[in-house]
Amino acid sequence: MKKFIAIFILIFSSLSFSAKKLYVGTNAEFKPYEYLEGDKIVGFDIDLMNKLGEKLGYEIKWVDMSFDGLLTSLQLKKVDAVIAGMSATEERKKAAAFSIPYLFFKSGHLVLVNEKSSFTSKKDLKGKTVGVQMGSIQEGFAKDIGAIPKLYSNFASALMELQNEKVDSVIIAENTGNEFLKTMNKIKKIDMIDDSKPGASIAFRKSDEKLAEEFSKAILELKETEFYSELIKKYFPDKYADFMAGKQKK
């Protein structure tokens with residue numbers, strides 16, 4: 001009997017160690033995509049990636065780090081994938097392979113100013129200082145409107161500087177910006193910037209393009225499930241009706 005138990009434990013241990021682990025980098029400062037509740041990382045991206053991992057047979061191991069270090073960590077093999085509300089820009093595609101976008105609704109970017117500001121439009125920001133997160137696509141948007149980007153390690157720091165009138169504006173993703181507006185005073189929205197290529201994707205190393213394809217296929221399959229619809233409803237309630245309407249048009 002003892003011999004049988006020993007063999008069983010050995011087999012079970014071998015199976016456990018042979019499970020595919022996928023180390024995934026994120027930046028848990030970007031609600032509702034990924035953020036901290038106590039010491040636990042939660043959010044849309046987290047629930048989605050965990051489900052994709054379950055579907056494809058991967059055990060997801062989370063690694064929280066600064067946004068601007070995510071792709072570098074991927075290239076240095078400190079993580080195997082990155083999910084952080086990250087758009088697959090042409091510049092980023094030079095450094096990584098991306099899945100298809102996993103958000104199936106349109107979104108934009110808020111232009112925020114201090115409540116004392118006289119600015120009423122993004123056009124007013126030409127030559128002005130705009131706070132953005134280092135490595136984010138908002139840096140490009142700031143340059144496009146003729147503003148001078150000021151880089152921060154995270155958006156919370158940029159918005160605190162805006163509260164204290166240290167920058168003229170902050171450009172931030174719509175859903176994340178709306179979350180900050182719920183809790184931060186002294187700031188207001190004056191305008192929106194539309195993204196011509198909206199969406200966020202999962203990044204993998206260039207050598208792992210097959211893995212990106214594997215996750216892309218799983219994303220499309222998951223999109224049609226109730227689980228995905230409920231995720232939209234939970235984290236992006238204002239987008240839920242549009243998402244469901246788009247599904248019904250098929």
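Select helix α6 (residues 155–163) to start: this helix lies across β8 (108–114), β9, β10, β11 (169–173) and β12, where contact means heavy atoms within 4.5 Å. Its direction makes an angle of about 150° with β11; axes are lines fitted to C-alpha atoms, for helices over the stretch in contact, and angles run from 0 to 180 degrees between N-to-C directions. Helices (H or I, at least four residues) and strands (E, at least two) are DSSP runs, numbered from the N terminus.

The model is predicted, so local features need pLDDT of at least 70 and side-chain atom pairs count only at pLDDT 80 or more, while totals for chains, interfaces and linings use all residues. Residues are numbered from 1 along each chain as its sequence is written, and side-chain values use heavy atoms, with hydrogens and water left out.

**The sheet beneath the helix**

Now select the strands themselves, 5 of which form an open sheet in the order β10-β9-β11-β8-β12, with mixed pairing; two strands pair if DSSP finds at least two bridges between them. At the edges are β10 (148–152) and β12 (187–194), each of which pairs on one side only. From one strand to the next, the twist averages 30°. To look at one pairing in detail, show β9 (residues 129–133) together with β10: the two run parallel and are joined by 5 bridges, and among the residues involved, Thr129 has Ile148 in β10 as its bridge partner. Then add helix α7 (residues 174–183), which lies across β8, β11 and β12 and runs at about 120° to β11.

**Two loops beside these elements**

Go next to Glu165, in the loop between α6 and β11. Its phi is near 60°, a positive value in a residue other than glycine, and with a relative accessible area of 48% Glu165 is partly exposed; buried means under 20% relative accessible area, exposed over 50%, and partly exposed in between (1.4 Å probe, protein chains only). Lys186, in the loop between α7 and β12, has a positive phi of about 70° although it is not a glycine, and at 41% relative accessibility Lys186 also counts as partly exposed. A third backbone feature to select is the peptide bond from Lys31 to Pro32, which is cis, with omega near 10°; Pro32 is placed in the loop between β2 (29–30) and β3 (34–37). As background for these stops, most residues other than glycine have a negative phi, and most peptide bonds are trans.

**Helix α2 and its surroundings**

Select helix α2 (residues 44–56) together with helix α8 (residues 209–223), and note that their axes come within 10 Å and cross at roughly 105°. That makes α2 roughly perpendicular to α8, a label for angles of 65 to 115 degrees, whereas those under 35 count as roughly parallel, those over 145 as roughly antiparallel and the rest as oblique. With side chains shown, residues of α2 including Leu48, Met49 and Leu52 meet residues of α8 including Phe215, Ala218 and Ile219.

Gly53 also lies in helix α2, and is buried, with a relative accessible area of 0%. Leaving aside its neighbours within four places in sequence, Gly53 is in contact with Tyr58 and Ile60. Lys20 is 33 residues from Gly53 in sequence and 9.5 Å from it in space, C-alpha to C-alpha. That same Lys20 lies over the face of Tyr58, at 4.3 Å from the ring centre; a charge sits over a ring if NZ of Lys or CZ of Arg is within 6 Å of the ring centre and within 35 degrees of the ring normal.

**The aromatic rings**

Finally, show the rings of Phe, Tyr and Trp (its six-membered ring), which pair if their centres lie within 6.5 Å; planes under 30 degrees apart count as stacked, over 60 as edge-to-face and the rest as tilted. By this rule the count comes to 12 aromatic pairs. One of them is Phe44 with Tyr228, edge-to-face at 6.0 Å centre to centre, with 85° between the planes. This pair links distant parts of the chain, since Phe44 is in helix α2 and Tyr228 in helix α9 (residues 226–235), 184 residues apart. Both Phe44 and Tyr228 are buried. Ring pairs link these two residues into a cluster with others, including Phe30, Tyr33, Phe104 and Phe155. Over the ring of Phe104, 4.5 Å from its centre, sits the charged end of Lys223.
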